[in-house]
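Reader: I've just opened this entry and would like to walk through it with you. Could we begin with how you describe the placement of helices and strands?

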Amino acid sequence: MTKNLLSKHSFFGLFLGLSGLAASPNSWGVAKTLNLGVVLPMSGGTATFGLETSQGVRMAVEEINGKGEIKIQMILEDDKSEVTDAANAAKKLINIDKVQAIIGSIASSNTNAAAPIAQASKVPLLTSASTNVSITQKGEFVSRICFLDDFQGLAMARFAINDLKAKKAAIVVDSA
């Protein structure tokens with residue numbers, strides 16, 4: 001429930017931005033069709049998050065396309081939950097599919113692999129879930145709509161201490 005709620009809020013922010021673009025297509029100098037690249041883990045260890053995210057992107061694209069002011073063509077690439085595949089997907093989207101913007105990826109490591117490629121090509125890349133501080137240090141064409149790791153950690157610690165009155169904590173890590 002919480003994951004879905006957070007996901008919906010992240011995408012709400014993301015698509016408010018895209019809706020703003022769709023509201024006045026002539027003012028930002030792009031054709032009435034926007035090729036939107038989406039790099040997500042549709043297979044591999046983090047595929048669950050990619051599948052959920054792709055459904056949210058699809059819904060938003062359908063909503064914007066339904067208004068008829070602009071057509072967004074979503075081009076989805078599977079980064080297979082792997083860094084090399086994320087970089088290759090970004091290259092394909094930019095060089096072959098000629099996208100004007102990219103959404104993705106989910107994992108910070110994958111976004112960090114794609115970000116320099118987007119930056120070098122001056123193609124905006126927006127991530128909804130990559131929390132590593134280094135993501136947006138790749139350049140002015142790389143953005144995020146989620147909180148950083150250090151902020152989230154501090155917020156969770158404050159909640160545990162102040163609201164839950166916790167005195168002990170455990171750390172669970174993925175060993176894979």
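Author: Before we start, please keep in mind that this is a predicted model. One term first: axes are lines fitted to C-alpha atoms, and the angles between N-to-C directions run from 0 to 180 degrees.

Reader: Good, then at what angle to β2 does helix α2 run, and which strands does α2 lie across?

Author: Helix α2, which spans residues 47-67, runs at about 165 degrees to β2, and it lies across β1 (33-40), β2 and β3.

Reader: And what about helix α4, which strands does that one lie across?

Author: Helix α4, residues 108-121, lies across β3, β4 and β5, and its direction is at about 155 degrees to that of β4.

Reader: Let me step back to the sheet, then: in what order do the strands come, and is the sheet open or closed?

Author: The sheet is open and is formed by five strands in the order β2-β1-β3-β4-β5, with parallel pairing. Its edge strands are β2, at 71-78, and β5, at 142-144, each of which pairs on one side only. From one strand to the next, the twist averages 25 degrees.

Reader: How many bridges join β3 to β4?

Author: Two bridges join strand β3 (residues 101-104) to strand β4 (residues 125-127), and these strands run parallel. As for a particular pair, I103 has L126 in β4 as its bridge partner.

Reader: Changing topic, how do α3 and α4 pack, in terms of angle and axes?

Author: Helix α3, residues 83-95, packs with α4 at an angle of about 25 degrees, and their axes are 7 Å apart. Because angles under 35 degrees count as roughly parallel, α3 is roughly parallel to α4.

Reader: Is their crossing left-handed or right-handed, and which residues make the contact?

Author: The crossing of α3 and α4 is right-handed. On the α3 side the contact is made by V83, A86, A87, A90, K91 and I94, while α4 contributes S109, N110, A113, A114, I117, A118 and S121.

Reader: Now the whole chain: how do the elements run from the N terminus?

Author: The protein chain has five helices and five strands, and from the N terminus on they run α-β-α-β-α-β-α-β-β-α.

Reader: Last thing, what share of the residues is buried, and what does the surface consist of?

Author: Of the 176 residues in the protein chain, 36% count as buried. The chain exposes about 10300 Å², and carbon and sulfur atoms supply 59% of that area. Regarding contacts with a separation of 6 or more, residues 24 or more positions apart account for 55% of them.

How values were computed:
Residues are numbered from 1 along each chain as its sequence is written. This is a predicted model: local features need pLDDT of at least 70, side-chain atom pairs count only at pLDDT 80 or more; totals for chains, interfaces and linings use all residues. Side-chain values use heavy atoms; hydrogens and water are left out. Helices (H or I, at least four residues) and strands (E, at least two) are DSSP runs, numbered from the N terminus. Buried means under 20% relative accessible area, exposed over 50%, partly exposed in between (1.4 Å probe, protein chains only). Contact means heavy atoms within 4.5 Å. Accessible areas come from the Shrake-Rupley method with a 1.4 Å probe; for residues, only the protein chains shown count as cover. Two strands pair if DSSP finds at least two bridges between them. Angles under 35 degrees count as roughly parallel, over 145 as roughly antiparallel, 65 to 115 as roughly perpendicular and the rest as oblique. A crossing is left-handed if the near helix is turned anticlockwise from the far one by less than a right angle, and right-handed if clockwise.
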